[in-house]
Amino acid sequence: MVQQVRGVVAHSKGKPVSVETITVPDPGPGEAVVAVQACGVCHTDLHYREGGINDEFPFLLGHEAAGVVESVGEGVSDVAPGDFVILNWRAVCGVCRACRRGEPKYCFSTDNATQAMTLASGRPLTPALGIGAFAEKTLVHAGQCTKVNPAAKPEVAGLLGCGVMAGIGAAINTGGVGRGDSIAVIGCGGVGDAAIAGAKLAGATTIVAVDVDDKKLEWAKEFGATHTINSWQTDPVKAIQELTDGNGANVVVDAVGRPETFKLAFYARDLAGTVVLVGVPTPGMTIQLPLIDVFGRGGATKSSWYGDCLPSRDFPMLIDLHLQGRLPLDKFVSETIGIEDVEEAFHRMERGEVLRSVVVL
């Protein structure tokens, strides 16, 4: 049965969002309808509102979510009504060239629902990252639903749907941080602090947090930072080298995504170290580096898409670690809000007042 629910919609570039009536169709083959319980307010949603992703307005925002499967379409076997799931935007296809060569983390043809959710007028909506979870219910591809332990709180579990997974994965999956390693993380918002938490989980012994905001540096300590550097007050490259026997860190994660932070990361790593770019740059940004430095420093520079995660592998594991008290996902939740408070949550995020505002439905 077609349902009408409330959802947060961005109608045009840079304009405030509004709560609208959304029509959600019955799930078709391979699809699922999920009753959303919680959804984090991620910077990517703000990028959508600002037209920074594309111009396919109107957008149904929200993508960092957890909820309960309400119904499934024909051919769905991995999840069933009643399952507690985290929504993901990497429903791997299994047949593209990346999947065929055993690297589904790079899947080039991820699955989304084929039917459209619409405004009450019938106008089709573009769901953010193929999810659209600032809504009481949403229609997704069943592969976007990852079943996890229902003992986890929805407002905590949903954060793995984007930012926290991106940060943890940038450190562990992309950067390969391991026991005894050193890591520096530039930018200590939600993604950066998740990278710090991931590095601690993996056994890194020197974990350096870099930011321009002392409040954020204090937050970083709560997730496992062993040292902090305010880069407005101290040369961060020199300071990181001093903390790593003059060598630089084994891994440096750029969780900001600007030319100046990437260059900082490049020079702050050890000669054979790894730079991981997980902060999302804007399309017009460019960077210049002396080619001899790129050649002479060896190592690797990598970008991290969604923390190079596989939701079916990583989400259940990380939820279990959280429930065991080994991964403090609850510390990322600065506040819980209602669906009508998303616009103000964007402003608090821009002012750096929160790690994550989470919409609870």
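1. In this predicted model, the buried residues of helix α4 are Gly-163, Val-164, Met-165, Ala-166, Gly-167, Ile-168, Gly-169, Ala-170, Ala-171 and Thr-174. The helix spans residues 163-174, and 10 of its 12 residues are buried, so α4 is mostly covered.

2. Just after α4, Gly-176 has a positive phi of about 65 degrees.

3. Two packed helices are described by the angle between their axes and the distance between the axes. For α4 and helix α5 (residues 190-202), the axes come within 7 Å and cross at roughly 45 degrees. That angle makes α4 oblique to α5. The crossing of α4 past α5 is right-handed.

4. On the α4 side, the contact with α5 involves Gly-163, Val-164, Ala-166, Gly-167, Ile-168, Ala-171 and Ile-172. On the α5 side, the residues met are Val-191, Ala-194, Ala-195, Gly-198, Ala-199 and Ala-202. By class, this contact of α4 with α5 has 10 nonpolar and 3 polar residues, with no charged residues. Among the α4 residues in this contact, Val-164 and Ile-168 are also buried.

5. A second helix pair is formed by α7 (residues 236-243) and α8 (residues 259-268), with axes that come within 9 Å and cross at roughly 30 degrees. Angles under 35 degrees count as roughly parallel, and α7 and α8 are therefore roughly parallel to each other. α7 passes α8 in a right-handed crossing.

6. Pro-236, Val-237, Ile-240 and Gln-241 of α7 make the contact with Leu-264, Tyr-267 and Ala-268 of α8. By class, 6 residues in the contact of α7 with α8 are nonpolar, 1 is polar and none is charged.

Technical notes:
Residues numbered from 1 in each chain as written. Predicted model: local features only at pLDDT ≥ 70, side-chain atom pairs only at ≥ 80, totals over all residues. Heavy atoms only, no water. Buried < 20%, exposed > 50% of the residue type's maximum accessible area, 1.4 Å probe, protein only. Helix = DSSP H or I, 4+ residues; strand = E, 2+ residues; numbered from the N terminus. Axes fitted to C-alpha atoms, helices over the stretch in contact; angles between N-to-C directions. Parallel < 35°, antiparallel > 145°, perpendicular 65-115°, else oblique. Left-handed = near helix turned anticlockwise from the far one by under 90°. Contact = heavy atoms within 4.5 Å. Nonpolar A, V, L, I, M, F, W, Y, C, P; charged D, E, K, R; others polar.
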